[in-house]
Structures are given as structure tokens and as C-alpha cells.
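Q: Could you take a close look at one part of this model for me? I'd like to see how a pair of helices sits together, and then a bit of what lies around it.

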Amino acid sequence: MAFPPRFLEDLRGRVSIMDVVGRRVRLTRKGRGEATGLCPFHNEKTPSFTVSEDKGFFHCFGCGAHGDVIGFVMRSEGLEFPQAVEKLAGEAGMQVPRETPEERERLERQATLGGAVEFAAKYFEQQLRASAGKAGLEYLKRRGLSDDTMRRFRLGFAPDSRHGLKAALEKAGIPEAIAIEAGLLIKPPKDEGPSSRTGDGSHAYDRFRGRVMFPILDRRGQAIAFGGRILDQGEPKYLNSPETPLFHKGRVLYGLSHAQKTARETNEIIVVEGYMDVIALAQAGISNAVAPLGTALTEEQIALLWRMAQEPILCFDGDNAGQRAAARAADRAIPLLKPGLSLRFAWMPAGEDPDSLVRAKGAAGFREELARMEPLVEVLWRQVLADRPLDTPERRAGFRRDLAEAVGRIVDKSVADAYRQETHRRLDDLFRPQPKPAFQPMGGQFGGQKGRWQPPMPVGGEAARRGTASIQRTPYELILITLVNHPDLISRHCEMVGEVEFPRGDLDSLKGAIIDLAAGQPHLDSKGFRNHLNDLGFAATLEALIARTGPVKFTLPSADIISAEEGLLHVIGLLREKLSVKPEVAATAQALESAMSNPGNPTAETTALSRFEAARQMALDGESQRRDLDRAPGSGVED
Ligand SMILES: [Zn+2]
């Protein structure tokens, strides 16, 4: 059975070869759009098998296996060509065209429609350079577009005539019915107007008149529709082609054919509002921007964006309308979130759009605004929070409920878990009795970078409950000794500390005692607190704790409360991040260095120092435990 070439092309475009191969072969990314792995078609120990998303091919340098995504499925699953096509089409949700006469006719018509739209695009381009298009050309020049940019985006002009394009189509032998179906001409309904009885007055006429034309291209760069901007004060300002068999505006992104290569290579795609934004950014050298076509982002468009980059950046006006538009986009994306896939939000300064911004301040000015973008969770949080007062327990409970409801819409379980954890964290922070702004770096309180997702991880977790040897005791010790030396912190972070699963045994009992003691005697100072714990039989445990945590300054009674709290939160944060201490040591060392080289902010320096000490201590401790384990397998921390 033969498949129409256009269908096969669509299929190859729709299916990601990386995803399909990735299901069979463990791939290692080599820059954007390329990956390598062990060849599934011959036996090898070092990877000589490469996949290229851009080229849509795989190739093995070892055995010479080579092909596209269909070829891969044929080879790896032993299927014939038609079955492989059916399988992939099924996965992509595409209807396989049957070879019925109707179907063939439909496909032919589609090809013919495409031809008509392409013809119109060329016609509009010519008109822009002809005398009829003078006003259009002047308008585009006034907007700062170079000749080169206009050609690249195939900008054109529709003369202010009802029969300009129509005559040209006729001359080229393109049937009127095709031009109407392609959205180029408008056929008035027959029963309209007094002259219809005579058969006059229902002549088809040009849809686009007196407008600068922006062809909307498919991913291969073929024109499938148009957007037209009026030159005078007429309405509508922008007019789009209607939906046609070629053009479904919810599935298309303006500028994608230009943006896709850079977007893939840089793993960055920028979504702006209008055609002019896309074009102006491209002219300024930012060639990875696209725009939806006058509507809010659809699910299909979000999926398309994720094929290009993991965290597309959505640009919005900073005003209320922009906030609402962002909320809509967030709302649409939330159920679709997958591990690693999200959205980021950038806000343009008041009264600016990317077009005006890049014209006034260049690519660097635009990049500066992008740098302040926020992760999706931030937008969601603000959206639920809005301006609601949280001054009563009922209102706080209402806020918690709405937040849980929003997070509950995330379908992917691991992403939902991570969101729950993050919102808990933020709630802790928000409802803390004595909030101290100094402890709240934007976007998260553990010094985590904005928008960086941590894998979901029960704090402490299974391993902690079992008290196995793989547990590092240090983080738990750091938490406990900080609380003992700064009892004020206990009530403030009671809930968060309670959530941490301690290794069963002495530390866990001590934690319970600390929390009970703080609840029963909230006004004890650190000395009184320690005395009580000694009386309860924890003297030896405490002494060991103090000996082991001595070098970590924020735990000491002499540390100021700010560094103590900062250190405490940092350690809990590390625990939540699965004790990833080694990279943390490097990162904190760097932060420390930069804090020291920018003197004048002693608090920042102290904070950086205490974080570095905590991370280093935990790493050292982990090291020595690993060495112990090597020497004596099975030994370790006991219950
Ligand atoms: Zn091979």
C-alpha cells in the first residue's frame, strides 16, 4: 500500500526519532538534537550509534546501519514498511490515509490548496515591491525592518482592491473554488442582498485588501495561511486566514520554521505575542522566537514547543492583562507537565513589547528582561494567592485548599509530588510566625536557584527509617544541635523539622524530646534547654553531637540567630535534595568566594561561610562512612 508523500513527511515531522530510539537505546545527549548510544543492531561496548533529531536520521559507524524513524522501527521491531508506518502513526495519533478515491481526492485537493496559498504568498511579495505596495513597504521600513528581514519572512502586500489576487489566480488557472477553500477569496452567501436574484453580487472577492501580509509558514517553510495588518485605521487591525484543511491556527506557531533549528540547538524557545515581535527579535539576532496566532496557547502548541526546548519562555506584558494571559497559559500547561518539561515566564517592562524593547535597547536589553524570568510554580503560586488576605485560620486553610486543588490537576505523579513539596515549603515560609525578609531569596528559601526542580524525595526517606549504614548522620546532627543551641527556631520550624525522617535510634529520640520540650516549655534559653535534655538522659548523645559538629559555626550558641536559621534551612534543603552534597560543596565554595570578594555585606559572607561549612562537613562525613563501609561491609549506624 502506498502512502501519500505528504503524509509520510508529516509523520516524520510529528514523531521524534530521539524519543522512538530512546525507548530501545540508552542515549547520551551530545549537544542539542544529537545523541549517541550502543548500537542495537550489532554487539558493541563503546557507542558508535548516533541519532540526529534535526536530520531525522540514525547512523551506526560500527555496522553502517542507517535510516529514518520509520527505518528504525522496521529494523528494531522486524516490521514491514506499512506496519512500521501504521505503528508510528498510531502513536502520534495520526490517521493513516486509506487509499480510497475520496482520500486520494482529499490529499490532492490539499496539495492544490497548498499550491494556491504558495501562489498567493509570491503574489503578495511581488506587490510589496511594486507601486501598489509602496505604502506597505514604507510602513515596514518605518517599523525598522531591513530588506533582508522582509525577504526572510516573505512579507508582502495585498493591494486595496477586491480583484487584485483574484485576477492573478484566474490568470494562473487556479480554480475559484480552491482559492475560496484556501481562504484567499470570500464568496458571499447566495441569499444575501437584493442583487442575488439576478445572480450578480455573489462574486468572490479578495479577502485581504490594503494590508501588509505576513505569510504563516508550516515547519517546512511552505505558506499555509496569512495574517494581514491593515495600514490605515480600519478594523480589524489584524486579519487571519480562516481555518482551512491546511491551516488549524491552534496547531501552528508563527515563525517556527525559522526558529526551530536555533531553538533545538540552544534548548531555548521564546514565545511572544505578535508577528512583529518574532520578526524584530530575529532581525536583532534572537532567532528562536515564535508566536501563537492571536489566541491563548493551545495544548498542541505547548506540545510543539516542548519538542523544541524543555522550558519554553513565555513573554507577557507586566500589566494586568499580561498577568491574566500568563495565568491562562499556566492553567493550560499544568495538566500536561512532565518531568523536565515546564514553562518559564518573562515580563516586559510597562508599555513595552519585545518589538519595541529590542528596537530601543537591542538584543542585550531584551535578554536583560528575560534574565528575570520566573518558573511556572511562581506564577501558579501568585495566581492562587492573588491579593487574598491570609489573616485568619479559615483564609489560610482556604488558600491551602486552592493550592492543593491547583497542584492536583497535574497528571504526572512525580511532577505533582514535586509541586506538593515545593508548595509545602512555601507555605511553611509564608505562615512562619516571624517572617524575616532577609531569609527569603526569591523563588525558594534554600538558596536553590529559581525554577530548578528537585526530584521528589520524602525527606530522610526509607533509608532513614531503616537506619541503614548508608545514612549520613551529620545532617541530622547539624539540625539537632542547631535547635538545641537556638531553641527559638524550634517553634518556627516545628512542622518542617517534624517532616524530616530521622534515622531510628538516639537521634530520632532526641528529636522527639526536643520538639516536646519546646512545646512544653517555650521560654527556655539554650542553657536551660540543654540542662533539661541532660536530665532526660541525653547527656552523652548531646556531648557526642557537640564534638562532631563543632567546626560548623552556625550550629554554635555564639552564632547569630540569622545564620543559625539560614544554616538549619539549608541542611533541611539538602536532605530534601537527596543529600547531593558533593556538587553542593563546589557550589557553596564558589558562593563563598564571591561573597568574600565582594566585601561590605557581612551577613552574606557569614551565610556563605556557614553553608560551605555545612556542605563540606556532610561531604567529609559521607566520605569517611564510605571508607568505613569498604573496610567492614555491613557495619554502620545501628538502631
Ligand atoms: Zn551498529
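At what angle do helix α16 and helix α17 pack, and how far apart are their axes?

A: First, a caution: this is a predicted model, so local features need pLDDT of at least 70, side-chain atom pairs count only at pLDDT 80 or more, and totals for chains, interfaces and linings use all residues. Numbering starts from 1 along each chain as its sequence is written.

Now the pair. Two packed helices are described by the angle between their axes and the distance between the axes. Helix α16 covers residues 393-408 and helix α17 residues 413-431; they pack at about 160°, with the axes 10 Å apart. That makes α16 roughly antiparallel to α17 (angles over 145 degrees get that label, under 35 is roughly parallel, 65 to 115 roughly perpendicular and the rest oblique). The axes here are lines fitted to C-alpha atoms, for helices over the stretch in contact, and angles run from 0 to 180 degrees between N-to-C directions. Helices themselves are DSSP runs of H or I with at least four residues, strands are runs of E with at least two, and both are numbered from the N terminus.

The crossing of α16 and α17 is right-handed, meaning the near helix is turned clockwise from the far one by less than a right angle; anticlockwise would be left-handed. On the α16 side, R396, R400, L403 and V407 do the meeting, and their partners in α17 are A416, Y419, R420, T423, L427 and F431. A contact means two C-beta atoms, placed from the backbone, within 7 Å.

For another pair, look at α20 (residues 488-499) and α21 (residues 506-520), whose axes come within 11 Å and cross at roughly 145°. This crossing is left-handed. I490, S491, C494 and G498 of α20 touch I514, I515 and A518 of α21.

Then there's α13, with 14 residues (320-333): at 1.5 Å a residue the helix should span 20 Å, and its end C-alpha atoms are indeed 20 Å apart. The expected span is 1.5 Å times one less than the number of residues. Within α13, A326, A329, A330 and A333 are buried. They cover an arc of only 100° around the axis, so they sit on the same side of α13; the arc is taken from the directions from the helix axis to the C-beta atoms. N320 and A321, on the other side, are exposed. Buried means 20 or more other C-beta atoms within 10 Å of a residue's own, exposed means 12 or fewer, and partly exposed is in between, with C-beta atoms placed from the backbone. The buried residues of α13 pack against α12 (299-308), β14 (313-317), β15 (344-348) and α15 (376-385).

A few single residues are worth a click, too. H570 belongs to helix α23 (residues 561-576) and counts as buried, with 24 C-beta neighbours inside 10 Å. H570 and I479 are 91 residues apart in sequence, yet 9.8 Å apart in space, C-alpha to C-alpha. R154, in the loop between α7 (147-152) and β6 (156-158), has a positive phi near 55° without being a glycine. N267 has a phi near 55° as well, and its place is the loop between α10 (256-266) and β12 (270-271).

Zooming out, the chain has 25 helices and 16 strands, and buried residues make up 36% of its 639 residues.
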